[in-house]
Amino acid sequence: MTSPVLNLRRWAGAWQQWSLDKQLTLLFPAGILLFALLFGDIRQWQPADNKAALTGTGIFFLLIALTRLALARNALSTRYEWLLRELWPVPAMLLGYLLMRLLRLELAIDALGIELMDPQMIAFDTALFGQPLPLLIQHWVSPAMTLLMESAYLHFYYAVPIGSLLWLFYYRAEQPAAFILVRQGIIYTLVAGWLLYLLVPVIGPGQWLETAFTVSLGTQDGLVYDAVNSFRYAYDCFPSLHTAVPWVTLLLCWRWYSWPLRVLVLLMTLSITLSTLYLRYHYAADVIAGVVLAVIVAQLLSRQQAGTLRPLISAA
């Protein structure tokens with residue numbers, strides 16, 4: 001039997017060989033758990049109100065177990081083993097987000113006395129547009145538009161990053177470091193965004209300005225809000241990660257996309273961005289911050305593309 005000390009050394013050796021984004025994938029949920037323990041939030045979680053999040057967490061761990069079993073039995077080709085080993089940080093990061101909801105990190109923000117920043121977001125929107133942008137565009141509401149925006153918000157948001165990674169895997173197999181670079185962009189964007197959620201808590205126009213809206217989104221909006229809110233951390237608006245993640249993916253993948261794919265992904269990304277405002281989840285300030293975050297991450301990673309794409313393979 002392998003000794004615990006030997007196992008620990010193996011884990012330490014593997015950890016040192018991981019790239020930063022893989023390390024952050026494990027450090028971030030650990031930090032959330034520590035944060036919740038320090039402020040006692042963990043004692044106030046409400047399992048009955050988090051069935052969807054708990055189900056998602058259970059499915060994630062089941063997939064991890066099945067993946068480890070497949071790898072241990074050498075049931076997959078080398079190529080698909082590589083995919084599993086390099087793709088897992090992206091869905092794993094979602095677990096960190098679910099923990100923010102499950103462990104009710106908003107209680108820690110309240111305990112620290114950090115005030116909600118919605119008035120500042122409203123002031124920013126008003127300075128640019130005369131009123132909060134979600135209020136300004138509420139007269140665009142129609143059944144067809146609502147259906148399109150719901151589809152973009154719920155489905156395109158995941159399709160753009162995951163789809164782009166799989167596209168790189170299948171059609172740019174000769175450039176594995178491109179896959180890793182885009183994965184890093186997604187992870188860094190998520191971590192930076194979630195840290196800002198804690199520093200700049202915003203609840204969003206759908207709740208803060210609920211009585212100010214005079215036009216209903218339609219009969220389906222209640223179902224969508226229930227589905228989305230079952231996974232949402234309470235103060236997850238600034239920046240808009242629904243904006244940042246597709247944009248950082250688009251910016252990093254642009255050189256590898258074919259022209260038809262560029263047009264398709266650009267239209268999907270624009271529709272996701274608009275949906276965050278139309279569905280009243282975000283202020284214009286949140287969306288602009290999301291675009292800025294995406295540009296910063298893409299620019300920082302792009303600087304290393306020319307000289308470090310191949311070294312990234314060994315670092316990952």
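Select helix α2 (residues 20–39) together with α10 in this predicted model, and look along the pair: their axes come within 9 Å and cross at roughly 35 degrees, and the crossing of α2 and α10 is left-handed. To see what fills the contact, show side chains for Leu20, Asp21, Lys22, Leu24, Thr25 and Phe28 on α2, and for Arg183, Gln184, Ile187, Tyr188, Val191, Trp194 and Leu195 on α10. Coloured by class, the contact of α2 with α10 has eight nonpolar, two polar and three charged residues.

Keep α10 (residues 176–199) on screen and add helix α4 (residues 78–87), whose axis comes within 11 Å of that of α10 and crosses it at roughly 20 degrees. Because angles under 35 degrees count as roughly parallel, α4 is described as roughly parallel to α10. The crossing in which α4 passes α10 is right-handed. Here the residues to display are Trp82, Leu83, Glu86 and Leu87 in α4, which meet Pro176, Phe179, Ile180 and Arg183 in α10. By class, this contact of α4 with α10 has six nonpolar, no polar and two charged residues. Arg183 deserves a label of its own, since this residue of α10 is listed both in the contact with α4 and in the contact with α2.

Next, colour the segments that the unreviewed UniProt entry annotates as "transmembrane region", namely residues 23–40, 52–70, 82–100, 153–173, 185–204 and 284–301. Two of these annotated spans can be examined in turn. Over residues 153–173 the chain is 90% helix and 0% strand, with end C-alpha atoms 29 Å apart, whereas residues 185–204 are 75% helix and 0% strand, with their end C-alpha atoms 25 Å apart.

Within the span 153–173, centre the view on Ser164, which is placed in helix α9 (residues 143–171). Is Ser164 buried or exposed? Its relative accessibility is 5%, and since buried means under 20%, Ser164 counts as buried. Leaving aside neighbours within four places in sequence, Ser164 is in contact with Ala159, Thr249, Cys253 and Tyr257. A distance monitor from the C-alpha atom of Ser164 to that of Val182, 18 residues away along the chain, should read 8.6 Å.

The tour then turns to backbone geometry. Most residues other than glycine have a negative phi, and most peptide bonds are trans. Select Arg104, in the loop between α5 (89–102) and α6 (105–111), where phi is positive at about 55 degrees although the residue is not a glycine. Arg104 is buried, with a relative accessible area of 19%, a value to read against the 20% cut-off for that class. Move on to Arg280, in the loop between α14 (259–278) and α15 (284–302), which likewise is not a glycine and has a positive phi, near 70 degrees. At 9% relative accessibility, Arg280 counts as buried. For the last of these stops, select Phe238 and Pro239, where the peptide bond joining them is cis, with omega near 0 degrees. Pro239 sits in the loop between α12 (221–229) and α13 (241–253).

Finally, zoom out to the complete chain, which has 16 helices and zero strands. Of its 316 residues, 47% count as buried. If contacts are drawn between residues at least 6 apart in sequence, 88% of them join residues at least 24 apart.

Conventions:
Residues numbered from 1 in each chain as written. Predicted model: local features only at pLDDT ≥ 70, side-chain atom pairs only at ≥ 80, totals over all residues. Heavy atoms only, no water. Axes fitted to C-alpha atoms, helices over the stretch in contact; angles between N-to-C directions. Helix = DSSP H or I, 4+ residues; strand = E, 2+ residues; numbered from the N terminus. Parallel < 35°, antiparallel > 145°, perpendicular 65-115°, else oblique. Left-handed = near helix turned anticlockwise from the far one by under 90°. Contact = heavy atoms within 4.5 Å. Nonpolar A, V, L, I, M, F, W, Y, C, P; charged D, E, K, R; others polar. UniProt positions renumbered as here; feature names shortened; annotations may be inferred. Buried < 20%, exposed > 50% of the residue type's maximum accessible area, 1.4 Å probe, protein only.
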